Amino acid sequence: MSYLVYLTLIPPILMGILLASLLILPTGRGNLVLIISLGIPLGFGISACLYFFWSYFFNPSFPGFWLVEILLIFALLWASWKNKILFTTLIPDWKKWTWSDWAFGILFLVVFIAAMASFDAYTKANPHGRYDAWAIWNVRARMLARGGKHWKDVFIPQVFHADYPLLVPLTIARSWVMAGTESQRIPPAVAGLF
């Protein structure tokens, strides 16, 4: 399996980060960690909603969805170009940091590295996830990606649960369709980014 399938996750992440920066930076209370942590799920949500409407009007496998995302990214880039001076506020002033700021920063990095190592070990031990992952999320993603004109069968009572939204399956199905393969790397990557 190629690592290039991860490139399909870049457009929604970029959309979310650009939109989060447009919403947070004018308030003067944003920083890079906040914008990234809000931008990733926001981008996945926007992309999943757009992909749902794309699927509704065409079908999930209909080519050209990437153009919609690219146009939205350029629109967000144009809108953020006006606020380019605000992006300088994202760079922290290291000289003003106290010893407690450095201690919390180092503690954050240690916890982050430990969490990434734990997540990597978990995904290697369970490449398809646990029961909810392969019985609900990935099955629905496969139904969306493979369904073609019959993708709406994901709403049949035997499979559809109102308490399981389509955000994760649509994100995974979108990446699979764009990559042209049902890569085993996408579902853990989406889970890890959330």
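Begin with the whole chain and its contacts (heavy atoms within 4.5 Å): of those with a separation of 6 or more, 72% join residues 24 or more positions apart. The model is predicted, so local features need pLDDT of at least 70 and side-chain atom pairs count only at pLDDT 80 or more, whereas totals for chains, interfaces and linings use all residues. Residues are numbered from 1 along each chain as its sequence is written, and side-chain values use heavy atoms, with hydrogens and water left out.

**The whole chain**

Colour the chain by secondary structure. Seven helices and zero strands appear, in the order α-α-α-α-α-α-α along the sequence; helices (H or I, at least four residues) and strands (E, at least two) are DSSP runs, numbered from the N terminus. Along the principal axes, the C-alpha atoms fill a box of roughly 60 × 40 × 35 Å.

Next, show the surface. The chain exposes about 12100 Å², of which carbon and sulfur atoms supply 72%; accessible areas come from the Shrake-Rupley method with a 1.4 Å probe, and for residues only the protein chains shown count as cover. Of the 194 residues, 31% are buried. Buried means under 20% relative accessible area, exposed over 50%, and partly exposed in between (1.4 Å probe, protein chains only).

**Helix 1**

Select residues 10–24, which form helix 1. The expected span of a helix is 1.5 Å times one less than its number of residues; for the 15 residues here that gives 21 Å, in agreement with end C-alpha atoms that are 21 Å apart. The buried residues of helix 1 are Pro11, Pro12, Ile13, Met15, Gly16, Leu18, Ala20, Ser21, Leu22 and Ile24. To see what covers them, add helix 2, helix 3 (65–81), helix 6 and helix 7, which are included in that cover.

**The nonpolar cores**

A nonpolar core is a set of buried Ala, Val, Leu, Ile, Met, Phe, Trp, Tyr and Cys residues joined through side-chain atoms within 4.5 Å. Which members of the largest core touch the most other members? They are Leu9, Leu144 and Ile186, in a core of 22 residues. Helix 2 (32–57), helix 5 (131–146), helix 6 (167–179) and helix 7 (186–193) are the elements that give two or more residues to this core. Helix 2 gives the most, with five residues.

Centre the view on Ile186. With residues up to four places away in sequence not counted, Ile186 touches Val5, Thr8, Leu9, Ile172, Ser175 and Trp176. Apart from the largest core lies another core, of five residues, among them Met15, Leu18, Leu22 and Ile73.

**The surface of helix 4**

Move to helix 4 (residues 99–125), which gives the most to a nonpolar patch on the surface, with five residues. The patch consists of Val33, Phe108, Leu109, Phe112, Ile113 and Met116, and together these have about 600 Å² of accessible area. Patches are made of residues with over 30% relative accessible area and no salt bridge; like charges are joined within 9 Å, nonpolar side chains (Val, Leu, Ile, Met, Phe, Trp, Tyr) within 5 Å. Ile113 lies in helix 4 and is exposed, with a relative accessible area of 55%.

**The salt bridges**

How many salt bridges does the structure hold? There are four, each a side-chain nitrogen of Lys or Arg within 4 Å of a carboxyl oxygen of Asp or Glu.

Remain on helix 4 and select Asp120 and Lys124, whose side chains meet in a salt bridge (3.2 Å, N to O). These residues are four apart in helix 4, and therefore about one helical turn separates them. Asp120 is partly exposed, at 35% relative accessible area, whereas Lys124 is exposed, at 65%.

Then select Arg142 and Glu182, whose side chains form a salt bridge (3.2 Å, N to O). Because Arg142 lies in helix 5 and Glu182 in the loop between helix 6 and helix 7, the pair ties together parts that are 40 residues apart in sequence. Arg142 is partly exposed, with 27% relative accessible area, and Glu182 is partly exposed, at 28%.

Finally, add Arg146, which meets Glu182 in a salt bridge (2.7 Å, N to O). Arg146 is in helix 5, so its pairing with Glu182 links parts that are 36 residues apart in sequence. Arg146 is exposed, at 58% relative accessibility. Through shared partners, salt bridges join Arg142, Arg146 and Glu182 into one network.
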